[in-house]
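Me: I'm new to this one, so I'd like to go through it piece by piece. Can we look at it together and check what each label rests on?

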Amino acid sequence: MDTLFVDLFRHGEPALKGVYLGRTDSPLSAKGRSTCETVLVNGEWDLVVSSPLKRALESAHWLANTRQIELQVWDELQELDFGDWDGVSFEQVYSENPVAADKFWQAPQDYPAPNGETIQQFKQRIAMVKERLLQLSDEKVLVVTHGGVIRCLIGDMLGIEADRWSRIAIDYAHFSKLRFDHDSQQCWPQLLSSNIQPPS
């Protein structure tokens, strides 16, 4: 039986806020950069895995270089693709199409953003993340990623459907910790903590 500890870390505050921020590649704000460096500097991990998007990868690179930890970049860790709404403000989307916006927030699995990734596609992609994590030989892994990815992983673990993911608080520069006890045939996952920011 192997045990894997995974710290899911949502990137810091991005420079671009108030929008559907999926594949739109915003860097961190100065505040977001500073906060991440403060909360990441004392962690102990064997491996860092990151989304390729700047708002996640910037802090992952900084940590890997500062602590001399291996960094892997996985495309599967990107945020949900909001299609035509990606990078557009919440206010603009709602003013132009309030019915579609309401349906998306109430039942995202049934009403994806126009030309966006469906929840089923997203869940399949994040399932690949879980499988890749379980194939690692490392025991303590930091995953630097996005709010939607973290909610999807926790939702899958706890049996929470996508229409309730928004009830899971995942703040910028906060950690959620998972534990996987697994062998070649079975996996016993646990959510150890959620949305925690260690004191500086």
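## Where two helices meet

Reply: Sure. In this predicted model, Phe122, Lys123, Ile126 and Lys130 of helix 5 touch Gly148, Val149, Cys152, Leu153 and Asp156 of helix 6. Sorted by class, that contact has five nonpolar, one polar and three charged residues.

Me: What makes helix 5 roughly perpendicular to helix 6?

Reply: Helix 5 covers residues 119–134 and helix 6 covers residues 147–158, and they pack at an angle of about 80° with their axes 10 Å apart. Angles of 65 to 115 degrees count as roughly perpendicular, so helix 5 gets that label relative to helix 6.

## Cysteines

Me: How many disulfides does the structure hold?

Reply: Zero. Take Cys152: its sulfur is 15 Å from the closest cysteine sulfur, which sits in Cys187. A disulfide needs the two sulfur atoms within 2.5 Å, so Cys152 is too far away for a bond.

Me: And why is Cys152 called buried?

Reply: Its relative accessibility is 4%. Buried means under 20%, so Cys152 counts as buried. Cys36 is labelled buried too, because its value is 0%.

## Salt bridges

Me: How many salt bridges are there?

Reply: The structure holds ten. One of them pairs Arg132 with Glu76, at 3.1 Å from N to O.

Me: What makes the contact of Arg132 and Glu76 a salt bridge?

Reply: The cut-off is a side-chain nitrogen of Lys or Arg within 4 Å of a carboxyl oxygen of Asp or Glu. The side chains of Arg132 and Glu76 meet at 3.1 Å, N to O, so the pair fits that definition.

Me: Which parts of the chain does that pair link?

Reply: Distant ones: Arg132 is in helix 5, while Glu76 is in the loop between strand 3 (70–73) and helix 3 (90–96), and the two are 56 residues apart. Leaving aside neighbours within four places in sequence, Glu76 is in contact with Arg125, Ile126, Met128, Val129 and Arg132.

Me: How do you know whether Glu76 and Arg132 are buried or exposed?

Reply: Glu76 has 14% relative accessibility and counts as buried, because the limit for that word is under 20%. Arg132 has 31%. Partly exposed runs between the buried limit of 20% and the exposed limit of 50%, so Arg132 counts as partly exposed.

Me: What about Glu13 and Lys17, how far apart are the closest N and O atoms there?

Reply: They are 4.0 Å apart, and the pair forms a salt bridge. Glu13 is buried at 18% relative accessibility, whereas Lys17 is partly exposed at 45%.

Me: And which residue does Asp181 meet in a salt bridge?

Reply: Arg179, again with 3.1 Å from N to O. Asp181 has a relative accessible area of 16% and is buried, while Arg179 has 27% and is partly exposed. Elsewhere, salt bridges with shared partners join Arg23, Glu117 and Arg125 into one network.

## Positive phi

Me: What makes Asn115 worth a mention?

Reply: Its phi is near 60°, a positive value in a residue other than glycine. Most residues other than glycine have a negative phi. Asn115 sits in the loop between helix 4 (98–106) and helix 5.

Me: Why is Asn115 called exposed?

Reply: Exposed means over 50%, and Asn115 has 66% relative accessibility, so the word applies.

Me: Where is Ala173, and is it buried or exposed?

Reply: Ala173 is in the loop between helix 6 and strand 5 (175–182). With a relative accessible area of 1%, Ala173 is buried. Its phi is near 60° and positive as well, in a residue other than glycine.

## A strand residue

Me: Why is Leu191 called partly exposed?

Reply: Its relative accessibility is 30%, which lies between the 20% and 50% limits, so Leu191 is partly exposed. Leu191 belongs to strand 6 (residues 187–196).

Me: What does Leu191 touch?

Reply: Not counting residues up to four places away in sequence, Leu191 touches Ile154, Met157, Leu158, Lys177 and Leu178. As for Lys140, its C-alpha is 15 Å from that of Leu191, and the two are 51 residues apart in sequence.

Methods. Residues numbered from 1 in each chain as written. Predicted model: local features only at pLDDT ≥ 70, side-chain atom pairs only at ≥ 80, totals over all residues. Heavy atoms only, no water. Axes fitted to C-alpha atoms, helices over the stretch in contact; angles between N-to-C directions. Helix = DSSP H or I, 4+ residues; strand = E, 2+ residues; numbered from the N terminus. Parallel < 35°, antiparallel > 145°, perpendicular 65-115°, else oblique. Contact = heavy atoms within 4.5 Å. Nonpolar A, V, L, I, M, F, W, Y, C, P; charged D, E, K, R; others polar. Buried < 20%, exposed > 50% of the residue type's maximum accessible area, 1.4 Å probe, protein only.
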